[in-house]
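This report walks through one protein chain, from a single acidic residue out to the overall fold. Please keep the sequence and the model open while reading.

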Amino acid sequence: MNNVIEISDLLFEWKNKKQFSLKIKELKIQNKKKIIIFGRSGSGKSTLLNLISGILSPTSGILSVKNIEINQLSQKKKDQFRANNIGVIFQQFNILDYLSPLQNILLPCFFTQFKKHDKEYFYNRTFDLAEKLNIKKNILYQNNSKNLSVGQKQRIAILRAIINKPYLILADEATSALDENNKNDFINLLMNLCNEEKVTLLMASHDTSLKKNFDMSINLEKILL
């Protein structure tokens, strides 16, 4: 399979916002590529990522991930597909303060195959990946995540997105709240881990300085109809 994402004749309209519509004739994202989508605030970058992840459903057209049209699945199957195949990194990282760092990382596993006999595998995978990102075990086992630094939070967010061995990671303005040093650290860590895990990366951003880190860049406004 060469393309992880295939879009054709896509139309999305908010039911209560008739003034906004997203129309894309064609978009293909190749397997294992790292792609960044640029666009002004309000141009539809987050909407597109939510369509790809199955959080939103197209009004019409075809959108497939791994040759599966997610919007044709039941809600339960859609949630399972997303949990098994797609990792998400949010703009503010969305680390839950009341959970330990380890629990934050393992959270997606509870929506998939995190059964009793799989726990050892996922725990060991977490420890191995955390070591690569310079997160020590004592950090992972903290009672909560309230006092994590920005750098630690960005590492936890990356690990949570990749823990289930997804085919695709979606990152929505994940560097917008970071200073220059933390932004560069985040991008380097994410790229290295995506290369190692052979994961396709699709990031939405308004920061054109990130272009040099990606295999390809797309100006969303230029592909909209």
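In which strand does aspartate 172 lie? Aspartate 172 is part of β7. The model is a predicted one, and this residue is a good place to start.

**Aspartate 172 and its surroundings**

Aspartate 172 is buried, yet it has no salt bridge. Lysine 45 offers the nearest side chain of opposite charge, and it is 6.6 Å away. A salt bridge would need the nitrogen within 4 Å of a carboxyl oxygen. What the side chain of aspartate 172 does have is a polar contact with the side chain of serine 46, at 2.7 Å. Beyond four places in sequence, aspartate 172 touches Ser46, Leu49, Ile89, Phe90, Gln91 and Ala204.

**Helix α1**

Helix α1 covers residues 45-53. Seven of its nine residues are buried, so the rest of the structure largely encloses this helix. The buried set is Lys45, Thr47, Leu48, Leu49, Leu51, Ile52 and Ser53. Glycine 54 follows α1 and has a positive phi, near 85°.

**Positive phi outside glycine**

Two residues have a positive phi although neither is a glycine. Both sit in loops.

| Residue | Phi | Loop between | Relative accessibility |
|---|---|---|---|
| Asparagine 67 | about 65° | β4 (60-65) and β5 (68-69) | 55% |
| Lysine 165 | about 55° | α6 (150-162) and β7 (168-172) | 44% |

Asparagine 67 counts as exposed. Lysine 165 counts as partly exposed.

**Glutamate 197**

Lysine 165 also appears among the contacts of another acidic residue, glutamate 197. Is glutamate 197 buried or exposed? Its relative accessible area is 18%, so glutamate 197 is buried; the cut-off is under 20%. Glutamate 197 lies in helix α7. Its side chain is joined to that of arginine 125 by a polar contact of 2.8 Å. Leaving aside neighbours within four places in sequence, glutamate 197 is in contact with Arg125, Leu129, Ile162 and Lys165.

**Nonpolar cores**

In soluble globular proteins, nonpolar side chains tend to be buried together. Here, the largest nonpolar core has 41 residues. Ile89, Phe186 and Met203 have the most contacts inside this core. Elements giving two or more residues to the core are β3 (34-38), α3 (101-106), α4 (119-132), α5 (137-140), α6, β7, α7 (180-197) and β8 (200-205). Helix α7 gives the largest share, seven residues. Another core lies apart from this one. That second core has 28 residues, among them Ile24, Leu27, Ile35 and Ala204.

Methionine 203 deserves its own entry. Which residues is methionine 203 in contact with, leaving aside its neighbours within four places in sequence? The partners are Ile35, Ile36, Ile37, Ala171, Ala174, Phe186, Ile187, Leu190, Leu210 and Phe214.

**The whole chain**

The protein chain has eight helices and nine strands. Its radius of gyration is 17 Å, close to the 17 Å that the globule rule gives for 225 residues, so the chain is as compact as a globular protein of that length. The C-alpha trace spans about 50 × 40 × 35 Å along its principal axes. Buried residues make up 50% of the 225 residues. Of the contacts with a separation of 6 or more, 74% join residues 24 or more positions apart.

Methods: Residues numbered from 1 in each chain as written. Predicted model: local features only at pLDDT ≥ 70, side-chain atom pairs only at ≥ 80, totals over all residues. Heavy atoms only, no water. Buried < 20%, exposed > 50% of the residue type's maximum accessible area, 1.4 Å probe, protein only. Helix = DSSP H or I, 4+ residues; strand = E, 2+ residues; numbered from the N terminus. Lys, Arg positive; Asp, Glu negative; His and termini not counted. Polar contact = N/O pair within 3.5 Å; in protein donor to acceptor, adjacent residues only side chain to side chain. Contact = heavy atoms within 4.5 Å. Core = buried A, V, L, I, M, F, W, Y, C linked by side-chain atoms within 4.5 Å. Rg over C-alpha atoms; globule rule 2.2 N^0.38 Å.
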